[in-house]
Amino acid sequence: MAQSVTAQLDEVIAEASTDKAWEHMEWMSREVPTRISGWEPAKRHADYLTDELTSYGFAAHQDVFPGLVAYPRPGKLIITSAVEQVIEGYTFAHSISTPPEGLEGELLYVGAGGEADYEGKDARGKIVLAELSYSPPRPEKTRIATANGAIGLILINWGDDDNPSIPQGTVKPVWGNPTVDNIHMMPNLPAIGIARLQGVPIRELCKQGSVRATIVSDADRLWKTLHQPHARLGAGSEPHFLLLADHMDSWGGGATDNTSGNAVTLEVARVLANHKSELRRDIQVAFWQAHENGIMEGSTWFVDHYWDEIDRGMIGYINIDSSGMKYATQYEATLSPEFWTMHEESMQAALGYVTPPKRLEKTGDQSFFGVGVPAISGRMEFSKELLERWHGAILGPWYQSTDDTMDVADKDVLAQDIRISMAYAWTLATRPVLPYDFRHNARILREALEGYAAATDDTLGLDVTVELAKGFEAKAAGVYARANELQARFAAGESGGSLDDDAAALNDTMRTISRTVIPVLGSVVGRYGQDTYGLSALKRWIPSLALVSVLKDQDPLSGDHALWWGKLVRERNRVTDAVRELNELAAAAE
Ligand SMILES: [Zn+2]
């Protein structure tokens with residue numbers, strides 16, 4: 001039986017057509033070359049995706065809602081001291097506009113533009129110059145620049161030092177549409193991107209002495225109507241569903257980011273629909289709007305709007321972004337820890353090799369950390385050598401520029417992305433016992449709490465929480481053993497009656513464990529909110545406790561200590577409650 005499951009997987013993988021996916025990419029690149037959410041081509045793009053899904057047998061519609069989106073235009077950096085020079089750039093989305101003559105100030109180079117990069121520097125009243133990177137990402141660089149009193153932000157593109165591409169993108173830290181509670185966090189300074197070819201000499205000039213410059217930015221920020229495709233395939237014998245979803249909108253050409261992701265999703269959806277009668281769970285597909293010019297507004301709206309359906313029924317989320325990039329050589333995936341074991345099995349089956357699973361970060365449309373749905377985001381990636389040469393351009397030197405055309409896409413690479421995506425989707429849609437393994441989450445939880453306990457002072461007291469985490473770790477091993485035992489009985493050909501009931505009960509409990517453990521491990525704001533994009537604390541597991549070490553340096557009877565203790569002790573209590581609940585859930589499932 002195990003053999004026939006593998007044979008079935010091989011069959012569906014073979015059925016997914018790279019040629020068909022390539023044709024979708026060509027259509028999108030040709031017919032809707034600019035895909036800015038809220039403007040007309042985005043609607044034609046949405047119609048194309050909706051019509052395709054309908055033709056496969058999905059019930060497809062478009063959700064219509066407002067999004068606060070940006071429409072940026074070219075910007076400029078004018079060096080006014082030393083060598084006089086005008087550098088053409090592009091305004092980042094959600095930057096504010098300067099007056100036409102620009103805003104003048106001294107340039108200050110701050111490296112990657114993270115919190116530590118400002119130590120010993122006075123950025124007040126200055127225009128900061130930083131490197132484009134994901135450490136931290138642009139919106140967090142902007143938040144940090146603003147907090148340090150900068151009046152403008154210039155980012156130098158990544159890639160080779162002679163890379164002439166001008167980067168586009170967004171600097172909005174608010175995740176999803178702003179609300180009355182966080183609209184004050186929208187960017188309040190001008191921010192532009194410039195090419196690396198011209199940025200590197202300016203950076204060197206700054207290192208030699210004071211450089212004065214003028215920044216000119218130009219962008220609108222408007223509420224526009226968004227049309228977001230959403231489709232359901234009612235297939236499963238269980239009232240649960242897997243979500244395949246990825247963003248539609250793009251900057252510049254957007255062939256690999258992200259017509260390729262859309263194409264892979266369409267192909268996986270088509271094959272799953274062909275095998276509808278073999279699926280245990282429903283399939284839902286969504287194509288997110290305002291990922292780029294709004295920052296995750298479509299996926300955030302989806303979570304808020306479909307909250308109850310998601311909370312009760314969603315068993316996993318596969319996000320596909322930037323597939324099929326030329327020169328990519330090796331598949332790498334980031335996943336919620338409960339999927340790490342499944343990743344190794346799926347990757348071996350689909351690609352014949354395994355790369356270690358990596359931590360899923362709250363980046364591109366990972367809007368399900370609060371509600372607690374495990375997710376996967378992976379792609380074919382570049383070699384270490386190439387990335388070093390490109391100064392960390394993980395999405396290629398063409399990233400978010402007009403150079404992201406079909407010329408930088410590769411059919412053979414795309415084929416690999418399709419194979420692995422098909423394998424994940426098939427496993428999650430058909431496996432009787434959900435392929436979750438909480439031993440990973442439990443170990444991470446215990447290790448993080450032990451680390452925080454050692455880093456803080458006696459007044460916080462994490463002993464009870466650590467003991468509970470040890471208890472959950474032991475029970476998670478029991479849950480995994482139980483899942484394997486039931487799955488083995490299915491694999492041996494047994495079915496029906498009490499085995500189905502036992503599997504359904506275990507699946508329900510495991511889903512609830514995910515709902516509880518994911519927000520604790522990966523969010524500060526908790527279940528109902530969305531942390532800002534790239535928030536530095538999110539680099540740590542259990543980020544709500546990331547600052548516990550501040551207590552150690554303060555007099556326990558001081559006001560400063562009391563202010564921090566009051567905040568952190570409540571976070572400790574929230575985490576403790578959740579870990580106690582995890583113990584109870586796991587005890588019921590063992
Ligand atoms: Zn993307």
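Here are some numbered notes on the domains, cores, internal spaces and a few backbone details of this predicted model.

1. **Domains.** A good place to begin is the division of the chain. Domain 1 is made of two stretches, 2-68 + 223-430, while domain 2 covers 74-217 and domain 3 covers 439-589. The centres of domain 1 and domain 3, taken over C-alpha atoms, are 28 Å apart. In the contact between them, 33 residues come from domain 1 and 29 residues from domain 3.

2. **The largest nonpolar core.** This core holds 133 residues, and the members that touch the most others are Phe58, Leu244, Ile283 and Ile542. Helix α11 (residues 411-430) is the top contributor, giving eleven residues. If you would like one residue to start from, try Phe58: leaving aside residues up to four places away in sequence, Phe58 touches Leu53, Ala231, Arg232, Leu233, Ala269, Ala273, Ile283 and Val285.

3. **A second core.** There is also a separate core of 23 residues, and among its members are Leu243, Ala245, Met314 and Phe369. Phe369 is worth remembering, as it comes up again in the next point, among the residues nearest the centre of the largest cavity.

4. **The largest cavity.** Five cavities of 30 Å³ or more are found in the model. The largest has about 140 Å³ of space. Its lining consists of 13 residues, and those nearest the centre are Ser336, Pro337, Phe369, Ile518 and Trp541. Helix α14 (residues 497-522) provides the largest share of this lining, with three residues. Sorted by class, the lining has eight nonpolar, three polar and two charged residues. Where does this cavity lie with respect to the domains? Both domain 1 and domain 3 give residues to the lining, so the largest cavity lies between them.

5. **The second largest cavity.** This one contains about 90 Å³ of space. Residues from domain 1 and domain 3 both line it, so the second largest cavity also lies between these two domains. Two elements, α9 (340-351) and α13 (463-491), each give two or more residues to the lining. The full set of lining residues is Thr341, Met342, Glu345, Arg431, Val433, Leu434, Pro435, Tyr436, Asp437, Tyr480, Ala483 and Asn484. By class, they are seven nonpolar, two polar and three charged.

6. **The largest pocket.** Turning to open space, the largest pocket has about 970 Å³. It is lined by 45 residues, with Tyr134, Glu361, Thr363, Arg379 and Ile394 closest to its centre. The elements giving two or more residues to the lining are α4 (138-147), β13 (330-335), β14 (358-359) and β15 (375-381). Of these, β15 gives the most, with four residues. What is the make-up of the lining by class? It divides into 15 nonpolar, 18 polar and twelve charged residues.

7. **A cis peptide bond.** Please have a look at the bond joining Asp257 and Asn258, which is cis, with omega of about 25 degrees. Asn258 belongs to helix α6 (residues 255-274).

8. **Two positive phi values in one loop.** Ala290 is found in the loop between β11 (282-288) and α7 (297-305), and Met296 lies in the loop between β11 and α7 as well. Phi of Ala290 is near 55 degrees, which is a positive value in a residue other than glycine. For Met296, phi is likewise positive and near 55 degrees. Are these residues buried or exposed? Ala290 has 0% relative accessibility, so it counts as buried. Met296 is buried too, because its relative accessible area is 1%, under the 20% cut-off.

9. **Thr532.** One last residue to look at is Thr532, in the loop between α14 and α15 (559-589). With a relative accessibility of 12%, Thr532 counts as buried, since the cut-off for that word is under 20%. Not counting residues up to four places away in sequence, Thr532 touches Pro173, Met185 and Leu538. For orientation, domain 2 covers 74-217 and domain 3 covers 439-589.

Technical notes:
Residues numbered from 1 in each chain as written. Predicted model: local features only at pLDDT ≥ 70, side-chain atom pairs only at ≥ 80, totals over all residues. Heavy atoms only, no water. Core = buried A, V, L, I, M, F, W, Y, C linked by side-chain atoms within 4.5 Å. Buried < 20%, exposed > 50% of the residue type's maximum accessible area, 1.4 Å probe, protein only. Contact = heavy atoms within 4.5 Å. 1 Å grid on protein atoms, 1.4 Å probe; cavity = no way out; pocket = protein on both sides within 12 Å on 5 of 7 lines; lining within 4 Å. Points joined across faces, edges and corners; volume = space filled by probe spheres on them. Nonpolar A, V, L, I, M, F, W, Y, C, P; charged D, E, K, R; others polar. Domains from an automatic or database assignment.
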